[in-house]
Every structure is written in structure tokens, then in C-alpha cells.
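Good morning, colleagues. I should like to take a few minutes to go through one structure with you, beginning with a single chain and then turning to the interface.

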Amino acid sequence: MWCPYSCRSAEHAISRRSFLGGVSAGLGAVSGFAGRPMTSLAGELGRQGSQVLMVFLHGGSSQLETWDPKPGTATGGPFRSIETSIPGVRISELLPKTAQQMHHLSLLRSLNTAEDDHGKGSYLMHTGRRQAPGQEHPHLGSLAARFLAPERDPLPGYIHVTAGGGGLSGKDAAFLGPKYGALTLGDGKPPANTERPGSVEEAEDLARHQLRMQLDHRFDLRRRTAETEAYTTSYEQALQLMERREVFDVSKEPARDQERYGSHDFGRHCLLGRRLLEAGATFVKVSHSNYDTHNENFDFHLEQVGEFDVSFAALLSDLADRGMLDRTLVVVMSEFGRTPRINQYYGRDHWSTAWSVALTGAGLKRGVVRGETNADGTEVVDGQATGQDLFHTYLRAVGIDPVVDEFAVNGRDFQIADPASFAIEDLLA
Amino acid sequence: MRTRLLGILAGPVALVLATTARAEGPPRPLHERVDRLIEDATDGPMAAPATDGEFLRRACLDLAGMVPTAEEAKDFLDDPSPSKRERLVDRLLEGPGYARRMQYAFDAMLMERRGDRHVPRADWEAFLRRSFAENTPYDEFARRILSADGSGPAADRAPAKFVLDREADPDLLTRDIGRMFLGRDLQCAQCHDHPLVEDYFQAHYYGIRAFLDRSSLFTDPASQVVMLAEKAEGETTFQSVFKTSVTHSTAPRVLDGPPVVEPELPEDRRYEVAPEKDKVVRTIPTFSRYEHLAPALANDGVDAFSRNIANRLWALLMKRGLYHPLDLDHSSNPPSHPEALELLAGWFRDHEYDVKAFLRELALTRAYQRSSEIPPGADPEAAEPSRFAVANLEPLSPEQLAWSLMQGLGVVAAHREDAEADLDHLDAALCDRCKADEGREARRPWRVEEAVHARLSGNVDAFVRYFGASEGQPDDSVEADVHQALFLSNGPQVQSWLDPSGSNLTARLAGIGDPAGVAEPLYLAILSRRPSAGERAEVLGYLERRGADQRADAVRELAWALITSSEFRFNY
């Protein structure tokens with residue numbers, strides 16, 4: 001019987017003590033909001049400065065047309081492989097610019113996630129857990145917002161840039177609470193309500209905030225709680241965010257860079273990603289769609305990967321040049337790969353048995369390739385890794401202890417990463 | 001005594017019920033007895049009684065879902081009667097606001113902001129509202145939800161939302177039924193006896209799951225209506241991940257209650273509607289496990305059932321459960337006041353799960369009527385939430401916030417006037433006999449509330465989006481964040497309510513000639529109390545600094561500062 005939960009009894013013996021201790025210690029401070037018990041822990045864990053860039057290739061990008069080409073085989077397709085800046089390491093010819101940046105990047109070519117469903121695959125890759133009814137786990141972005149973002153950061157902790165619609169979604173945060181959910185900048189546009197209403201001048205806005213603060217001060221005098229404090233702080237953050245509204249305006253970037261990143265949406269969004277990371281955003285996810293190529297896989301990848309290559313290579317080299325890779329974890333992933341077998345529509349279908357992820361930065365090695373698939377790419381032959389293992393690896397890379405389970409969420413213990421998996425040590429610096 | 005729906009109960013459960021002696025009428029009111037238990041357990045300082053203004057605002061938010069109007073506040077504050085708090089509680093419980101408030105509260109509790117799937121939201125909301133308006137006994141309410149299979153006519157399908165919108169997923173349902181109806185989150189017991197909680201067993205998990213294992217969603221091919229179908233076969237078995245060599249099996253049962261006994265039926269008699277080859281039919285077994293869930297669970301013999309709801313209703317008013325979190329009733333997480341919980345659960349059970357009578361008693365306790373201010377000189381520890389020695393703070397729910405803003409800024413009043421005029425117009429056309437109908441006058445507040453709600457409820461959505469939990473999470477997982485502050489600061493919705501127009505609050509305040517006369521109506525409307533001398537001076541100073549020509553802007557800024565203050569944001 002497969003068990004999705006934290007089941008290892010030795011660990012539970014430990015967490016039992018901390019659970020009980022946590023409950024009694026927590027009671028003093030806790031009222032109402034479920035996230036509260038973790039506040040002090042966030043302080044201890046706070047690794048300010050670590051950032052994350054996730055590039056999500058929506059729909060399931062093909063490992064064969066990207067990181068693990070198999071030219072000249074029955075499964076290889078029409079594209080060749082090319083040399084990269086790491087001698088001996090070859091990737092698809094659809095990635096010529098990325099190939100020149102390869103020394104900044106590492107590849108994991110031996111991923112077996114055993115999940116061929118879009119929703120479930122995406123869940124696994126974002127949360128490091130297999131999806132099961134009745135439970136939701138936080139996405140990496142929400143964990144980053146919770147554990148890496150400075151307490152009073154005016155920038156949202158988890159920003160998602162996409163060509164689709166924008167808005168707030170707390171869903172990714174699961175029980176961490178919607179505060180740690182994604183702020184989606186639809187079509188790269190700034191978030192809602194960051195502009196002062198036309199009828200309120202700046203001086204008046206400050207005057208009314210002044211009044212609000214006087215009122216709060218009187219109210220809080222004999223009632224001060226963490227909740228009223230967080231509420232008051234949210235207005236300070238709002239004012240700061242309004243002041244920094246230009247952070248979201250990619251048109252402020254030099255024209256030369258706009259050209260270098262590509263004149264398409266994905267180029268703009270990657271450039272916005274750089275701008276946000278430079279401004280100190282903790283977690284930025286940039287989505288690129290759509291790689292679900294059941295038909296005409298090769299034409300689609302020619303186009304899609306072509307876009308990706310230009311923008312991503314520019315972004316990667318900029319992060320490296322600016323010294324930002326040292327603190328920024330970069331992950332390029334998808335929900336699964338695509339079948340080595342080419343179907344009758346010249347497409348490739350869903351394939352999670354043997355596929356690849358590119359990653360680098362923060363606490364990871366650069367320029368290494370880990371794991372290997374067989375000659376026609378149908379199976380992993382060396383260094384097999386799971387999505388859960390990868391998740392442990394991300395957390396270790398940014399300095400979050402993946403096995404921390406000493407805090408309770410609404411009374412339940414919670415280990416950040418799947419207790420049955422471990423980080424891929426070969427990738428860690 | 002009302003009729004109990006025990007007809008389909010398995011024998012042993014009925015036996016337990018029949019032998020449970022019902023207590024005679026209590027010697028003293030529940031609220032006094034509870035207060036005694038709470039106060040006896042407290043050695044430290046206790047907060048002073050809440051002021052009239054604090055009590056009024058709190059009771060209106062808790063029992064009617066929004067702050068009172070300025071007039072209601074003024075009348076209450078000026079009423080010298082010593083029994084005015086009790087009368088207020090009674091008035092609120094009888095009014096249409098109560099049913100609406102409970103509709104919102106129980107929707108958030110039972111559906112946890114899930115998106116609409118198979119049962120239209122409007123039907124579900126009407127079901128909830130009607131249940132609380134009619135004061136349906138809570139056990140009956142729970143049974144309606146847990147016995148609904150969605151097969152009836154549209155109007156009867158509403159309570160099936162709980163099961164159908166969870167896609168009839170047995171694991172999700174087991175977890176949520178355990179949490180919401182028994183106060184026990186059994187999720188961790190899915191794989192093994194709970195590692196951290198001594199009294200949550202894997203057998204508990206699968207006992208509940210056994211009621212649900214044979215059910216699945218069925219879409220009627222003709223109408224496309226989704227309902228439950230059930231098979232007559234399938235046993236519930238489980239293994240601990242620690243010991244996979246042993247397979248256990250369980251009959252349907254609720255926690256340690258008696259197993260539901262299933263009759264042995266010959267194969268040809270197992271179905272009322274049997275599965276057919278190559279044909280889509282909704283199978284109906286002769287013996288339905290699902291049908292036994294509601295009576296086995298919402299049942300006087302199930303201690304956890306009455307404890308859970310007594311604790312949840314207590315938390316609704318006191319902002320914290322006697323055991324807390326509300327999903328974790330177990331021996332390592334004991335109630336702060338075990339005797340009080342036992343007394344409350346027993347009283348509720350003995351009073352036929354009369355929700356209104358129960359809430360009335362809670363609202364009359366001194367515990368409910370204490371101030372949220374820590375007594376001067378006392379240690380902040382005095383405000384430790386589980387002591388109930390100082391009233392607890394809680395942020396307004398998204399619905400309370402939206403409606404309180406509309407109430408405070410005069411949006412509700414404007415629409416109420418329109419709705420009243422519409423009703424007058426309609427009533428004028430009535431025949432004399434209809435006009436003479438006595439119930440008509442009594443129904444009027446309900447009709448007005450319904451009309452106002454229909455006009456304004458669309459405004460609540462954005463508040464749920466910004467201030468509510470995400471799908472499948474309890475509302476108390478929400479923390480204050482920057483987007484909420486931006487929404488209230490710059491969002492066009494709130495801005496439009498603040499801009500003086502018609503007879504709304506800021507328009508009326510801007511029309512007051514003497515700036516010294518602004519503070520009182522402003523404070524009464526938004527904070528349900530009169531301003532202190534210092535606050536009057538502050539308002540006057542602000543208005544004078546801006547001058548008469550900027551009066552409207554200044555009033556709008558003052559109103560904004562008040563609605564975004566902690567005092568407005570929290571139920572204190």
C-alpha cells in the first residue's frame with residue numbers, strides 16, 4: 001500500500017515531542033490565524049537574500065528536443081545535437097544560445113516522475129509531493145515566500161509572470177494561507193490597486209494614513225496582538241509597494257535588453273523576471289506555453305524552444321554577469337517530458353519515465369550533468385531521481401531544511417518535503 | 001418533543017439512545033453555569049465588562065453579520081434599560097440578518113470556498129439560510145446534508161453539495177466529515193494509527209470510509225444532472241503501512257460506535273436498480289451503506305458529534321474553541337475547560353440541538369460580554385486566548401467586512417430605501433384580503449433584507465477573493481497582506497462607496513455646516529460608538545485644516561481612515 005504521508009516511525013517519535021511542545025508553547029501566542037505558530041520559526045529559518053527563478057514550460061516540453069537529444073536514433077527526431085560550452089556535453093540544436101551558457105547550467109537527465117497527467121505532474125513538480133485527495137501541499141513559490149522573503153518585504157513573496165490572466169491565487173499556498181499564494185502578473189502587467197485613485201492626491205493619501213495610524217495606536221494600546229500588528233504592517237507595505245510600482249514596468253529596461261530578450265511575450269516576461277529579481281523579489285516564476293505537442297511536435301518545438309532559447313540564455317547570462325547566480329536558484333522544468341516514440345501525427349505524447357530538468361545557481365553545482373538515459377531515451381540507466389528528490393534539492397540549495405517538521409499547521413505537523421525522499425547530493429555544491 | 005429520524009438506525013445504536021436518560025430542566029440557566037466553570041478555572045485578572053458600544057458591535061457582527069446602523073447604535077447607547085443586551089440578542093436572533101450570517105458562516109465552514117461544481121451555489125445558500133431561519137435542529141441539519149444524494153428534484157438537491165461538490169471522493173469526504181462533523185482530522189490515520197494522536201485509529205478512518213466506498217458520481221444521461229450512485233458490493237479493507245502483512249476489514253461505523261449491520265441478501269435481491277450491461281443506469285442497492293451514514297453519525301450516541309458542534313458554535317462567538325484547533329479533538333489536545341465543554345455539549349443535546357437557544361445562552365455569558373482590553377496593569381498573559389478572561393479579537397470575515405463597509409458608508413441604507421419603496425409599490429396593488437394578512441407585516445423585514453441582499457451581494461465576491469481562504473482551506477488560515485491593504489486603499493469598489501453621492505455617509509457628512517458636528521455621526525456610523533473628546537478634536541482639527549472648500553475630500557479621508565483602522569477591521 002502506498003502511503004503519501006510522513007510515515008517513518010522514528011521521525012514521528014521525534015516530531016511527537018516537538019508537536020506536543022509546539023502546541024503548549026504555541027498557545028500563548030496563537031489566536032485565530034493558522035499561520036501564526038510558524039512566525040517565530042520563520043525568523044530562525046530566515047535566509048534573507050536567497051532568491052528563486054523558476055521557468056515553467058507548460059504542457060510538457062520534450063527532453064529530446066532540449067536537454068537530452070538522441071540524434072540518429074529511431075526516437076531522436078529530425079534535430080541534431082550541438083556542442084556546448086562544456087566540452088563533451090551536447091544539447092539540442094534548438095538551443096544554440098543556451099548552449100553557449102551551458103557552463104552556468106547543470107542538467108539532470110535521469111528524472112522518472114511516474115506521473116503522466118498534466119495536473120498531477122504539475123502538482124508533483126511544484127510541491128514535491130504526489131497529489132492525493134483531501135490534502136494540499138504548498139508550492140515551492142509559497143514556501144519561498146514563507147521562509148525566504150523578509151518579514152516586511154513590500155514585494156509579494158511569490159510572483160508569477162505569465163501570458164495569461166493576472167490576479168491573486170492563494171491556492172498554491174495550501175495551509176500556509178493565501179498570503180503566501182501567487183501574485184500573477186497577467187501579460188506582465190503590474191498588480192491591481194497599486195495606483196492611487198485619481199481623486200486622492202499623494203499628500204491627502206499620506207494624511208489619511210497618518211489618521212489611520214493614530215486610530216490604530218489608540219486601539220492597540222491595550223490590545224496589541226500579532227494580528228493587529230500584521231494588519232498595520234500591511235499598510236506600510238502597501239505604501240512602499242505603491243512607491244515602487246515601477247518595479248513591475250518592464251518598459252523601463254533599456255531598449256537594447258528588450259531586443260536581446262526577444263520581442264515576444266516570453267522575452268518581455270523573462271526581462272521582467274530579471275527586473276523583479278534585481279529589485280529583490282524572492283520567488284519569480286515565468287511560464288512559457290504551450291509544449292503539449294501531441295501533433296507536430298517538431299514544428300512546435302522549433303518555434304517554442306527557439307523563443308525559450310533566446311530569452312532564457314539572455315536571462316541566465318545576465319544573472320551570471322551580475323553575480324546574482326550565487327544567491328539565485330534557477331530551475332527550468334515542466335510537468336513531464338515527451339515520449340521517445342513519435343506518434344502518427346508527428347507528435348510526442350506524455351512521458352514521465354525518463355526526462356530532464358535544467359537547474360543552477362544558489363547552492364548548486366554549475367556546469368555538471370547528472371544521470372543518463374539509454375541510447376534511444378526510453379529509460380534511465382544511471383542516477384534515477386524523482387520529483388520528490390528534486391524538491392529536496394531545491395530546498396537544500398536555498399537553505400531551507402527539507403525535513404523540518406517541528407512546527408504545526410493548524411495543529412497538524414508538517415514536514416516541508418516528502419520524508420521518503422532525499423536531496424540529490426551530486427547536484428549540491 | 002420533535003420526531004427523530006431513527007427509523008433506519010441499526011439496532012444497537014437505537015438501544016443506546018433509548019436508554020439515555022434525558023436530564024430534567026436545568027436548575028440555573030446555562031450561561032450562569034458556564035461562567036462559573038470558566039471563572040473558577042481562572043486565577044488571574046479578568047477584563048472588565050465590554051462597554052455597550054463594544055457589546056453592540058460584537059453581537060451585531062456575530063449574530064447579524066454586519067455592524068449596526070448609526071441610528072441603531074445611538075438608540076442602543078441611549079437606552080437606559082438594564083435588560084437591553086438581552087433584548088438585543090433576542091432581536092438579532094429573530095431577524096433576517098441571523099439566517100444570512102449563519103448561511104455565510106456555515107458555507108465557509110462546510111464548503112471552504114470551493115468552486116461550484118454540481119450543485120448551484122444559490123440553491124445551497126437558500127438551503128442554509130432556510131435551515132437557520134427555521135431553526136432546524138442541528139442534528140437534523142447535519143443528517144440532511146449527509147443523507148442527500150442529489151437524486152431528488154432540483155430544490156431538494158441543495159444539501160448534496162457537500163458530497164457532490166467533493167466529487168464523492170471517499171478519502172476527501174472521510175477527512176472532511178471527520179473534521180467538520182466530529183472535530184477529528186483523521187487524515188493521518190489513513191495509512192496507520194495516528195502517529196501523534198493516541199486516540200485516532202486507522203479503523204476510525206476506514207469505518208467512516210466504509211459508508212462511502214460503494215458510492216460514486218453518476219451523471220444522468222438525459223438531464224446531465226450529477227448525483228450519487230451506489231453499488232451493493234465492495235468491502236472496505238486496509239493495512240497499516242507499518243505492517244502490510246495483516247489486512248483488516250471493517251463494516252461502516254462511526255468512530256467506536258457499533259458497526260452497521262448489513263443484511264445477508266441473495267444475489268438477485270441486492271439491487272432495487274441493478275447494473276445493466278451496456279446501459280448507463282444509476283444503480284440503487286437494496287441495502288444502502290450511504291443511507292446509514294447520517295443517522296449513525298448525527299446521533300446522540302456519538303459524543304464527538306455534539307462536542308464538535310458545541311465547540312464550533314462556542315468558537316463562532318468566542319473566537320476560539322474550548323479545544324483548539326476545531327479539527328483536533330483528542331486526548332493530547334484537551335479542552336481548556338473540559339467541564340464547560342461537557343456541560344455545553346450535553347445541554348445542546350438535551351435541548352434538541354436548538355441552535356438559536358444555544359447561541360442565546362452563549363451570548364448572555366459574562367465570558368462573551370467581557371472587554372477585549374487587557375485590564376490595566378495586568379500581564380499580557382491575561383489575554384491568552386484559551387483563558388476566556390479577556391475577549392478575543394478576530395478579523396472580520398470577508399462577508400462581514402464587505403457588508404459592514406456598505407452599512408457603515410450608507411450603501412445599505414440607500415438600497416434599503418429603494419427596496420422599501422419597491423415593496424410599498426407592490427403592496428399598494430394588493431387586494432384587501434392580502435393586505436389584511438397578518439403574517440405579511442412580520443415577513444416584511446425578511447423581504448426587505450432579501451431585496452437588499454440581492455442588490456448588493458455581488459459586491460461581496462471581491463472581498464472573498466482578497467480576504468477569504470483559498471479553496472479547501474479553513475478561513476482562519478488568512479493573514480493580513482499587502483494586497484488587502486491595496487484593495488481597501490486604492491480599489492475602485494471601496495473608493496466609489498467613499499465618494500460622496502446621494503445620501504451616503506460622506507455626502508451627509510459633507511453637508512453638515514458646523515465641522516464640530518461631523519465627528520459624532522461619523523463615529524456612530526462606522527465604529528458604532530461616540531467619539532472621545534480627543535477624537536472629536538482630531539476630526540475637527542482635520543476638517544479645519546482642510547478648510548470649508550475641501551470639506552468633501554476631508555470627510556472622505558476621515559471615513560477612509562476609520563474603515564481601515566484596526567478597530568473596524570477586527571471583531572473585538
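**Chain A and its contact with chain B**

In chain A, 73% of the contacts with a separation of 6 or more are between residues 24 or more positions apart. Please bear in mind that this is a predicted model.

Let me stay with chain A for a moment. Its secondary structure consists of 11 helices and 17 strands. The chain has 429 residues, and 61% of them count as buried. Its accessible surface is about 15700 Å², with carbon and sulfur atoms supplying 50% of that figure.

I turn now to the interface. How many residues does each chain bring to the contact? Chain A gives 77 residues and chain B gives 79. Between the two chains an area of about 7000 Å² is buried, and 59% of it comes from carbon and sulfur atoms.

On the polar side, there are six salt bridges between chain A and chain B. One of them joins A:Arg223 to B:Glu373, and the closest N and O atoms of this pair lie 3.5 Å apart. In addition, 14 residue pairs are in polar contact across the interface, with both residues at pLDDT 80 or more.

Which elements of chain A give two or more residues to the side that touches chain B? They are helix H1 (9–27), helix H6 (202–220), helix H7 (226–243) and strand E17 (412–413). The largest share, 12 residues, comes from H6(A). By class, this side of chain A comprises 35 nonpolar, 24 polar and 18 charged residues.

Thank you for your attention.

Note on methods. Residues are numbered from 1 along each chain as its sequence is written. Chains are lettered from A and ligands numbered from 1 in the order in which they are written. This is a predicted model: local features need pLDDT of at least 70, side-chain atom pairs count only at pLDDT 80 or more; totals for chains, interfaces and linings use all residues. Side-chain values use heavy atoms; hydrogens and water are left out. Contact means heavy atoms within 4.5 Å. Buried area is the accessible area (1.4 Å probe) that two parts lose on being put together, summed over both. A salt bridge is a side-chain nitrogen of Lys or Arg within 4 Å of a carboxyl oxygen of Asp or Glu. A polar contact is a pair of N or O atoms within 3.5 Å; within protein, one must be able to donate a hydrogen and the other to accept it, and residues adjacent in sequence count only if both atoms are side-chain atoms. Helices (H or I, at least four residues) and strands (E, at least two) are DSSP runs, numbered from the N terminus. Ala, Val, Leu, Ile, Met, Phe, Trp, Tyr, Cys and Pro count as nonpolar, Asp, Glu, Lys and Arg as charged, and the others, Gly among them, as polar. Buried means under 20% relative accessible area, exposed over 50%, partly exposed in between (1.4 Å probe, protein chains only). Accessible areas come from the Shrake-Rupley method with a 1.4 Å probe; for residues, only the protein chains shown count as cover.
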